Amino acid sequence: MLKKFLVPLIIFCTIFTVKVSAAEYEMVSYSALVKLQWLSYSGQPEAKKILKTLKITNLYDKKNLPDYERLEKLNSIYQELNYASTVEYVRKNGYNNIMDIGGGFTPRAVVFARDGRKYIGAELAAVAVSAADVIPKVIGKNYPQDVFYDEVLVEDREAMLGTADEFNGKICVIENGLMIYLTEDRADEMFKLVKEILVKHGGCFITTDFVTKDYFKEIAAALYGESQAQLLYDETKVMYEQLFDNPIFDDTFKTQNEAIEFFSAHGLKVTPVPLLTDTSALYCTKTLTPQQIEKIHQIAAKNYLWVITAE
């Protein structure tokens, strides 16, 4: 049964620490909070407002994360580029229906609602309940509130298709950062359902998840040099694995061509497009040197956003 969260159900007043009880926050819920922390550090104002409204402290700082300063800066840039690329793509291509799979507490919900677009976050229950309370407060009373959250498991056909059926018109399905939590079998089931959704409704599925290693390491190299890129990627991976007390799956596809073949087998077409064409509004560049900014602009111009459509 699909569970929808439309109105405030639970007010969270706990100050979160790294080890919230497993019964209260599932693995992906931790990820939602960590990504929000990184995005807030980039300077993104709505991320800061969401964190403040959630009333949480940083899940990570110098006391509990080795190499904290470098990882915070690197991950904040990575998260802001992901965030900005999806916002730009939706706006440039005129999508009014957004289904965000595993987006957590993303400010996308805020900006799209203020744009007058319909936004539904497809989430685990812990995040869906909290986001349904927090996000409308951040949007504000002077803006439209066409934002909702559904409890959805990505391999659950009734939930996935049920959420898609709440839209009228073509859909932009957004997913960034979820694939590392999915076994190959779960990913297979999810994209079978994505194909059904795109065939029925039209639109696209956009993600950077299948280029993450190259893209993330390029940012690391831009900040700290080529010799540090693999180390910083590995440290970030260990960070997430220790936080969740579970392995992450970042080797499901050995190459990008393997991933493209996977989509082709599902009747889906991959079209890589530039990550971001307008970098002028990035907040993270305010803390970078001119040389670093130029490198970030070069990375943003690469075809790191995958647009996936039904063949």
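These are my notebook entries on charges, strands and a few loop residues in this structure, which is a predicted model.

**Entry 1: the negative patch**

I began with surface charge. Which residues gather in a patch of negative charge on the surface? I found Glu-184, Asp-185, Glu-258 and Glu-261 there. Next I looked up which helices supply them. Helix 7 (184-201) gives at least two residues to the negative patch, and so does helix 10 (256-265). I then picked out Glu-261, whose place is in helix 10. Its relative accessible area is 55%, so Glu-261 counts as exposed, the cut-off for that word being over 50%.

**Entry 2: strands 5 and 6**

I turned to the strands. Is strand 6 largely enclosed or open? Strand 6 covers residues 203-207, and four of its five residues are buried, so the rest of the structure largely encloses this strand. I also checked its pairing with strand 5 (residues 171-174). The two strands run parallel, and four bridges join them. Within this pairing, I noted that Cys-172 stands opposite Cys-204 in strand 6. A reminder to myself on strands: side chains in a regular strand alternate between the two faces of the sheet.

**Entry 3: salt bridges**

How many salt bridges does the count come to? I get 15 salt bridges. I wrote down several of them, one by one.

- Lys-62 and Glu-69 meet through their side chains in a salt bridge, at 3.0 Å from N to O. Lys-62 counts as exposed because its relative accessibility is 59%.
- Arg-117 and Asp-115 form another salt bridge, with 3.1 Å between the closest N and O atoms. I asked myself whether Arg-117 is buried or exposed. Arg-117 is buried, at 11% relative accessibility, since buried means under 20%. Its partner Asp-115 is partly exposed, with a relative accessible area of 33%.
- Asp-165 and Lys-200 also meet in a salt bridge, at 3.0 Å from N to O. This pair links distant parts of the chain, 35 residues apart: Asp-165 sits in the loop between helix 6 (157-164) and strand 5, while Lys-200 is in helix 7. Asp-165 counts as partly exposed, at 40% relative accessibility, and Lys-200 is exposed, with a relative accessible area of 57%.
- Glu-46, Lys-49 and Arg-114 are linked in a network of salt bridges.

I noticed that helix 7 turns up twice in my notes: the helix supplies residues to the negative patch, and Lys-200 lies in it.

**Entry 4: the loop between helix 2 and helix 3**

I finished with a loop. Where is Asp-67 placed? I found Asp-67 in the loop between helix 2 (45-54) and helix 3 (68-92). I looked up its backbone angle too: phi of Asp-67 is near 60 degrees, a positive value although the residue is not glycine. For context, most residues other than glycine have a negative phi. Asp-67 is partly exposed, with a relative accessible area of 26%.

Lys-63 lies in the loop between helix 2 and helix 3 as well. Is Lys-63 buried or exposed? I have Lys-63 down as exposed, because its relative accessible area is 82%.

My last look-up was a distance from Lys-63. How far apart are Lys-63 and Ile-180, in sequence and in space? They are 117 residues apart in sequence, and their C-alpha atoms are 26 Å apart in space.

Methods
Residues numbered from 1 in each chain as written. Predicted model: local features only at pLDDT ≥ 70, side-chain atom pairs only at ≥ 80, totals over all residues. Heavy atoms only, no water. Patch = residues over 30% accessible without salt bridge, like charges linked within 9 Å, V, L, I, M, F, W, Y side chains within 5 Å. Areas by Shrake-Rupley, 256 points an atom, 1.4 Å probe, with all protein chains shown as cover. Salt bridge = Lys/Arg side-chain N within 4 Å of Asp/Glu carboxyl O. Lys, Arg positive; Asp, Glu negative; His and termini not counted. Charge placed at Lys NZ, Arg CZ, Asp CG, Glu CD. Buried < 20%, exposed > 50% of the residue type's maximum accessible area, 1.4 Å probe, protein only. Pairing = 2+ DSSP bridges.
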